[in-house]
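These entries record what I looked up in one structure. I took the helix packing and a few loop residues in turn.

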Amino acid sequence: MEKNDGQILVTGAAGFIGLHLCRRLLSDGWAVTGMDNLNDYYDPALKQARLALLREFPAFSFHRLDLADREGMRQLFAETKPEIVFHLAAQAGVRYSVENPHVYIESNVVGFLNILEGCRHHKVKHLVYASSSSVYGLNTQMPFSVEDHVDHPASLYGATKKANELMAHSYSHLYGIPTTGLRFFTVYGPWGRPDMAYFSFTKEILAGKPISLFNHGKMKRDFTYVDDIIEGVVRVMRHIPQGTAEGAPPYRIYNIGNENPVELERFVQILEEQLGEKAVIQYLPMQAGDVVATYADVQDLMRDTGFAPSTSLEDGLRHFTKWYGEYYGSVQGVTNA
């Protein structure tokens with residue numbers, strides 16, 4: 001294994017994407033410091049199980065810390081002196097943001113400011129941070145392009161992610177910090193988040209309970225398998241934005257998705273095939289904060305980094321259901337294919 005010099009900080013290391021990114025970086029020979037507050041937004045035991053996988057790597061160290069802890073974040077940067085920062089930690093969830101708005105400002109806005117300040121004071125070479133397709137909000141032009149105006153968020157979560165992009169731009173402009181924001185589109189796969197639809201669908205289908213399809217099932221999502229996402233993220237890490245002679249800051253935004261939206265009803269059909277069980281479907285109206293469709297234009301990312309998603313939904317859901325059965329025990333109906 002090739003040894004890479006330098007330290008990488010990954011916030012949200014015990015999260016879904018954080019786990020997969022840390023494993024990839026550690027396997028590539030990087031020294032990785034992981035940070036997470038291990039909150040109970042969803043099952044902390046799943047986060048601990050992800051951490052256990054990472055602790056098997058000698059080059060991994062972990063700090064339990066909250067993003068909004070200004071002094072704690074200052075000390076973390078001072079102690080670890082990262083060259084590259086992947087900022088994935090955030091309070092996630094569109095619907096949860098309708099009920100718990102204050103948590104989103106503390107984590108996603110105040111916390112992101114602490115990240116930017118750490119990068120400024122420690123001359124970080126590249127900050128790569130998680131934005132979201134939620135910034136597109138009520139945008140109706142398809143596919144979603146980074147050239148589109150994103151001034152009409154449909155949820156506070158989406159608004160905080162747009163705020164992150166604006167804050168990153170100001171720090172890139174003022175201090176020359178290279179920043180790249182990645183607008184993730186519905187990431188799924190093994191070790192995923194239980195609050196995501198595909199995860200809860202699997203649980204309910206296997207239990208014989210009804211699943212809810214909002215907007216009467218007429219929703220589309222650009223489902224992107226986690227391994228494709230990680231390949232794109234690592235490619236972005238190596239593609240550090242440069243400022244221009246005309247004064248443009250070293251700042252980039254990319255969509256990172258599958259460029260292939262799928263109707264939720266079709267998604268459920270594929271999930272049924274992998275589980276060997278039929279779903280009991282409950283059709284419901286649109287929920288506050290939700291959007292009808294997401295569809296990523298990833299041409300910029302493909303041009304600049306060679307990114308090309310390659311995992312079919314059938315293969316991705318097969319990998320997920322296999323992991324689900326193994327993690328939660330001998331689950332009836334989960335195929336071992």
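**Entry 1: a loop glycine**

I began with G306, which lies in the loop between helix 10 (299-305) and helix 11. I note for the record that this is a predicted model. I then asked whether G306 is buried, partly exposed or exposed. Its relative accessibility is 40%, so I entered G306 as partly exposed. Next I looked up the contacts of G306, leaving aside residues up to four places away in sequence, and found R235 and L301. R235 is 71 residues from G306 along the chain, yet I read a C-alpha separation of 7.9 Å for the two.

**Entry 2: helix 1 against helix 8**

I turned to helix 1 and helix 8 (residues 226-238), whose axes come within 10 Å and cross at roughly 60 degrees. I therefore entered helix 1 as oblique to helix 8. The crossing is right-handed. I asked which residues meet here. From helix 1 I listed F16, I17, H20, L21, R24 and L25, and from helix 8 V226, D227, I230, E231, V233, V234 and M237. Sorted by class, this contact holds nine nonpolar residues, one polar and three charged.

**Entry 3: the buried side of helix 2**

For helix 2 (residues 44-54) I looked up the buried residues and found L46, K47, R50, L51, L53 and L54. Viewed down the axis of helix 2, these fall within an arc of 155 degrees, so I recorded that they line one face of the helix. I then asked what covers the buried residues of helix 2. The cover includes helix 1 (16-27), strand 3 (60-64) and helix 11 (313-327).

**Entry 4: two positive phi values**

I reminded myself that most residues other than glycine have a negative phi. L38, in the loop between strand 2 (31-36) and helix 2, has a phi near 55 degrees, a positive value in a residue other than glycine. With a relative accessible area of 9%, L38 is buried.

I made a second note for T186, found in the loop between strand 6 (179-184) and strand 7 (187-188). Here phi is near 40 degrees, again positive in a residue other than glycine. The relative accessibility of T186 is 17%; I therefore counted T186 as buried, the cut-off being under 20%.

**Entry 5: helix 9 and its partners**

I looked up helix 7 (residues 197-207) with helix 9 (residues 264-275) and found that the axes come within 11 Å and cross at roughly 50 degrees. Helix 7 and helix 9 are therefore oblique to each other. Their crossing is right-handed. On helix 7 the contact involves Y198, F201, T202, I205 and L206; on helix 9 it involves F267, V268, L271 and L275. By class I noted eight nonpolar residues, one polar and no charged ones in this contact.

Helix 9 also packs with helix 11, at an angle of about 50 degrees and with the axes 9 Å apart. I therefore recorded helix 9 as oblique to helix 11. This crossing, too, is right-handed. I listed R266, F267, I270, L271, Q274 and L275 of helix 9 as meeting L313, E314, L317, R318 and T321 of helix 11. The residues of this contact divide into six nonpolar, two polar and three charged. I marked F267, L271 and L275 of helix 9 as appearing in the contact with helix 7 and in the contact with helix 11.

Technical notes: Residues are numbered from 1 along each chain as its sequence is written. This is a predicted model: local features need pLDDT of at least 70, side-chain atom pairs count only at pLDDT 80 or more; totals for chains, interfaces and linings use all residues. Side-chain values use heavy atoms; hydrogens and water are left out. Axes are lines fitted to C-alpha atoms, for helices over the stretch in contact, and angles run from 0 to 180 degrees between N-to-C directions. Helices (H or I, at least four residues) and strands (E, at least two) are DSSP runs, numbered from the N terminus. Angles under 35 degrees count as roughly parallel, over 145 as roughly antiparallel, 65 to 115 as roughly perpendicular and the rest as oblique. A crossing is left-handed if the near helix is turned anticlockwise from the far one by less than a right angle, and right-handed if clockwise. Contact means heavy atoms within 4.5 Å. Ala, Val, Leu, Ile, Met, Phe, Trp, Tyr, Cys and Pro count as nonpolar, Asp, Glu, Lys and Arg as charged, and the others, Gly among them, as polar. Buried means under 20% relative accessible area, exposed over 50%, partly exposed in between (1.4 Å probe, protein chains only). The arc is that of the directions from the helix axis to the C-beta atoms.
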